[in-house]
Amino acid sequence: MKPSERDVSFRYLGYIIGMNLLCIGINLNIRSDLGVAAFSTLPYALSQVFTGLTFGEMNVIIYILLVSLQFLIERHLSLPLLAEIPFSFVFGLLVDFYGLILPAVDFSLSLRIPVLLAGNTLSGIGVFLMVRGQLVVAPVDGIVASVFKVYCHPYSICKNCFDLSMLSITVIFCLLWHTPFYGIGLGTIFSAFYVGRVIRLCEKVCAS
């Protein structure tokens, strides 16, 4: 196998591994019962209220809506944008798959913290591997990239605004439906800071 072909193979393999690690990490965050990442709060809250749909299925619905928003922002269809649609369905299936095989245990607080830490660590590594694979971006990242590209706002600000928007919509939804704030907790704040540090560490390790 030529070096270039080997590199492409590693990219594809890393991307697949990364997606699986991210889906495992998301489910571990749920199992910790301390709060999920900001981009997961809305689909998680919806899946808890509308019990006829799973968390993975809600992810698919939200992701398709985000793809539609990207189209409205960019005003044209592209292959990378269209590729986010099948990605959404595969991602939703993987989320539900790991949700089934990872046991739902009533952890004590002393165990919830390590589970949360493991979940966010795997999420960070998963995101890093997917970005490094340079294949299809997740719609939660695609919508941020679209706003960044069209409106020329700093990417970090776009990302922060998106996360705050997802949290705000989740809070409003829970208030309107008179339900607990599903998925929102200390773990949500922790993931906002920690996952980025994990990604940064992975970048340094690969660069050394």
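This is a dialogue about helix packing and the largest pocket in a predicted model.

Colleague: Why is α2 called oblique to α3?

Modeller: The axes of α2 and helix α3 (residues 55-74) cross at roughly 125°. Angles of 65 to 115 degrees count as roughly perpendicular and those over 145 as roughly antiparallel. The value falls in neither class, so α2 is oblique to α3. Their axes come within 8 Å, and the crossing of α2 and α3 is right-handed.

Colleague: Which residues make that contact between α2 and α3?

Modeller: From α2 come Phe39, Ser40, Leu42, Pro43, Tyr44, Leu46 and Ser47, and from α3 come Phe55, Met58, Asn59, Ile62 and Tyr63. By class, the contact of α2 with α3 has nine nonpolar residues, three polar and no charged.

Colleague: What makes α5 oblique to α8?

Modeller: α5 and α8 pack at an angle of about 50°, with their axes 8 Å apart. Roughly parallel would need an angle under 35 degrees, and roughly perpendicular would need 65 to 115. The angle meets neither condition, and therefore α5 is oblique to α8. The crossing of α5 and α8 is right-handed.

Colleague: How do you know that α5 and α8 are in contact?

Modeller: Contact means heavy atoms within 4.5 Å. Residues of α5, including Leu116, Leu117, Asn120 and Arg132, meet residues of α8, including Phe190, Tyr194, Val195 and Glu203. The contact of α5 with α8 divides into 12 nonpolar, five polar and two charged residues.

Colleague: Why are α6 and α7 described as oblique to each other?

Modeller: Their packing angle is about 130°, and their axes lie 9 Å apart. Roughly antiparallel begins over 145 degrees, and roughly perpendicular ends at 115. The angle belongs to neither class, so α6 and α7 are oblique to each other. Their crossing is right-handed.

Colleague: Which residues of α6 and α7 meet?

Modeller: Val140, Asp141, Ile143, Val144, Ala145, Val147 and Phe148 in α6 meet Tyr155, Cys158, Lys159 and Phe162 in α7. This contact of α6 with α7 has nine nonpolar residues, no polar and two charged.

Colleague: What lines the largest pocket?

Modeller: The lining of the largest pocket has 42 residues, with Asp141, Lys159, Asp163, Val195 and Ile199 nearest the centre. Two or more lining residues come from each of α1 (3-32), α2 (38-49), α5 (109-133), α6 (139-151), α7 (155-176) and α8 (186-207). α8 gives the most, with 10 residues. The space in the largest pocket is about 1200 Å³.

Colleague: How many residues of that lining are nonpolar, polar and charged?

Modeller: The lining of the largest pocket has 27 nonpolar, 10 polar and five charged residues.

How values were computed:
Residues numbered from 1 in each chain as written. Predicted model: local features only at pLDDT ≥ 70, side-chain atom pairs only at ≥ 80, totals over all residues. Heavy atoms only, no water. 1 Å grid on protein atoms, 1.4 Å probe; cavity = no way out; pocket = protein on both sides within 12 Å on 5 of 7 lines; lining within 4 Å. Points joined across faces, edges and corners; volume = space filled by probe spheres on them. Helix = DSSP H or I, 4+ residues; strand = E, 2+ residues; numbered from the N terminus. Nonpolar A, V, L, I, M, F, W, Y, C, P; charged D, E, K, R; others polar. Axes fitted to C-alpha atoms, helices over the stretch in contact; angles between N-to-C directions. Left-handed = near helix turned anticlockwise from the far one by under 90°.
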